Amino acid sequence: MTATRDRQSDLDDDRAGPAWDERPLFGASRGLPWWGAVLLALALSAVAAVVDMQRQETLGGIYQGGFVLGCVAAVCLVRRRNLFGPMVQPPLVFAVTAAGALIALSPDEGSGRKQLLITVAFPLTSNFPTMAITTAVCVAIGVARLLRQRDPVRDTGDRGADDAAPRERKPRQETRERRPRPPREEAKREPRPDRGPRDPNRKPTTRKPRPE
């Protein structure tokens, strides 16, 4: 019986849906964990960087689109309780994917610091505004989710506490002074007259029965 009840309670929980802090921005399903959101942004950005490097040997519009889409999708699909990581991850994702793609996939035209600066620093500088705007958008979405997705039980309790504010009690009117009642006089009992000694020759009186 106990095992059956436990299974039934689990089924009821599944039907009820995930908790409020496990949901994404849209829908009532369970969102991505923090590591899933990080992998999503990294994967889309890396694929876009590889495509751009193979197409034009530098980072352009395809990488920018994949980077923005990956970071925004991560902050929207992650669980509410794991929101901090995707909010601040765009600079790290940009540094890993952009610098890694430029170093690994750039054509080998010689070595040296000057050539390294030309190959890596210039594309990173040209794509820096995209990274800054994406970071601002992700932070804005994260703050909006923090304000919108809140514990419904706590909100209900706060509203109930506000509705049940203590009312001002009206001051009671001063009670009238009660005058002390005069003490009751004890009723004077008159002494019963003495009947004298009982006559031993007196016959006892019998009561007559009442007619029915």
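The chain of this predicted model averages a pLDDT of 76, and 62% of the residues score at least 70. Confidence varies along the chain. Its lowest value falls in helix α1 (residues 2-16), with a mean of 50. The highest falls in α3, at 94. Over residues 9-14 the pLDDT stays under 50. For that stretch the model has 0 contacts beyond four places in sequence.

Helix α7 spans residues 128-148 and holds 21 residues. From first C-alpha to last it reaches 30 Å, close to the 30 Å expected at 1.5 Å a residue. Its buried residues are Thr-130, Met-131, Thr-134, Thr-135, Cys-138, Ile-141, Gly-142 and Arg-145. They cover an arc of only 135° around the axis, which puts them on the same side of α7. An α-helix has 3.6 residues a turn, so residues three or four places apart point the same way. The buried residues of α7 pack against three helices: α3 (61-77), α4 (84-88) and α5 (90-105). The face turned away from this buried side carries Ile-133 and Leu-147, both exposed.

Helix α5, one of the packing partners of α7, has 16 residues. Its first and last C-alpha atoms are 21 Å apart, close to the 22 Å expected at 1.5 Å a residue. Buried positions in α5 are Pro-90, Val-93, Phe-94, Thr-97, Ala-98, Ala-99, Ala-101 and Leu-102. Ala-101 lies 10.0 Å from Val-51, C-alpha to C-alpha, although 50 residues separate them in sequence. Val-51 belongs to helix α2 (residues 34-56). With a relative accessibility of 39%, Val-51 counts as partly exposed, whereas Ala-101 is buried.

Aromatic contacts connect α5 with α3. The structure holds 3 aromatic pairs. In one of them, the ring centres of Tyr-63 and Phe-94 are 6.3 Å apart and the planes stand at 45°, so the pair is tilted. This pair links distant parts of the chain, with Tyr-63 in helix α3 and Phe-94 in helix α5, 31 residues apart. Tyr-63 counts as buried, at 1% relative accessibility. Phe-94 is also buried, with a relative accessible area of 7%. Phe-94 has a second partner in Phe-67. Here the centres lie 5.9 Å apart and the planes meet at 65°, so the pair is edge-to-face. Again distant parts of the chain are linked: Phe-67 is in helix α3 and Phe-94 in helix α5, 27 residues apart. Phe-67 is buried, as is Phe-94. Ring pairs thus join Tyr-63, Phe-67 and Phe-94 into a cluster.

Beyond the end of α7, Gln-149 lies in the loop leading to α8 (152-163). Despite its loop position, Gln-149 is buried, with a relative accessible area of 12%. Its side chain makes a polar contact of 2.8 Å with the side chain of Arg-145, itself one of the buried residues of α7. A polar atom of the Gln-149 side chain also lies 2.6 Å from the backbone oxygen of Pro-24. Leaving aside residues up to four places away in sequence, Gln-149 touches Trp-20, Arg-23, Pro-24, Leu-25 and Arg-80.

Technical notes. Residues numbered from 1 in each chain as written. Predicted model: local features only at pLDDT ≥ 70, side-chain atom pairs only at ≥ 80, totals over all residues. Heavy atoms only, no water. Helix = DSSP H or I, 4+ residues; strand = E, 2+ residues; numbered from the N terminus. Expected span 1.5 Å × (residues − 1). Buried < 20%, exposed > 50% of the residue type's maximum accessible area, 1.4 Å probe, protein only. Arc of directions from axis to C-beta. Contact = heavy atoms within 4.5 Å. Phe/Tyr/Trp six-rings, centres within 6.5 Å; stacked < 30°, edge-to-face > 60°. pLDDT = per-residue confidence, 0-100. Polar contact = N/O pair within 3.5 Å; in protein donor to acceptor, adjacent residues only side chain to side chain.
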